[in-house]
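Biologist: Please take a close look at one annotated segment of this model. Then set that segment in the context of the whole chain.

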Amino acid sequence: MLSEFRDFIAKGNVMDMAVGIIIGAAFTAIVTSLVGDLINPIIGLFMGGIDFTNNYAVLSGDVAEGASLEAAREGGAAVFAYGAFIMAIINFLIIAFVVFMLVRYVNKVKDAAVKEEPAEEEDPGPSELDVLMEIRDALKK
């Protein structure tokens, strides 16, 4: 069993996948910071500081008027946090757009680096007629 596990781990695609997961986690941190620290404040500036995070509806329990979502949850109330969900959707769309733009840019760079070189025309060899003429000449001898 240990040798099978060693063989499984030693396969190239498993190591590639592990590297991809690690880089993906680091990339997620970068994109999250980009969205949270740079893009969301700019959007908030243009939209008048809109933040839906504290919008919720109380399903059960007592919550003071104007209490934050966190305070309502700490108070033990069951809340329907639709504002946090709306902000999660907005963040997802921003992150998806940023990732799309990055992938698009990387693909353009790859395509530019791989410029197809014109393939040299290979010698097609003798035509069918040439081969038949050689056979005819060989039979004449």
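Modeller: Over residues 79–103 the chain is 88% helix and 8% strand, with the C-alpha atoms at the two ends 38 Å apart. Helices here are DSSP runs of H or I with at least four residues, and strands are runs of E with at least two, both numbered from the N terminus. The model is predicted: local features need pLDDT of at least 70, side-chain atom pairs count only at pLDDT 80 or more, and totals for chains, interfaces and linings use all residues. Residues are numbered from 1 along each chain as its sequence is written, and side-chain values use heavy atoms, with hydrogens and water left out.

The segment is taken from a UniProt record: an unreviewed entry lists residues 12–35 and 79–103 under "transmembrane region". Positions follow the numbering used here, feature names are shortened, and such annotations may be inferred rather than shown by experiment.

Val79 and Ala81 belong to the largest nonpolar core, which has seven residues and also includes Tyr56, Ala67, Leu69, Ala72 and Ala77. A nonpolar core is a set of buried Ala, Val, Leu, Ile, Met, Phe, Trp, Tyr and Cys residues joined through side-chain atoms within 4.5 Å. Buried means under 20% relative accessible area, exposed over 50%, and partly exposed in between (1.4 Å probe, protein chains only). Leaving aside neighbours within four places in sequence, the core residue Ala77 is in contact (heavy atoms within 4.5 Å) with Ser60, Gly61, Val63 and Ala72.

The structure holds one aromatic pair. The ring centres of Phe80 and Tyr82 are 6.5 Å apart and the planes lie at 35 degrees, so the pair is tilted. Rings of Phe, Tyr and Trp (its six-membered ring) pair if their centres lie within 6.5 Å; planes under 30 degrees apart count as stacked, over 60 as edge-to-face, and the rest as tilted. Tyr82 is partly exposed, at 35% relative accessible area.

As for the whole chain, the protein has five helices and two strands, in the order α-α-β-α-β-α-α from the N terminus. Its C-alpha trace spans about 110 × 55 × 25 Å along the principal axes. The radius of gyration is 32 Å, whereas a compact globule of 141 residues would have a value near 14 Å; the radius is taken over C-alpha atoms, and the globule rule is 2.2 Å times the number of residues to the power 0.38. Buried residues make up 11% of the 141 residues.
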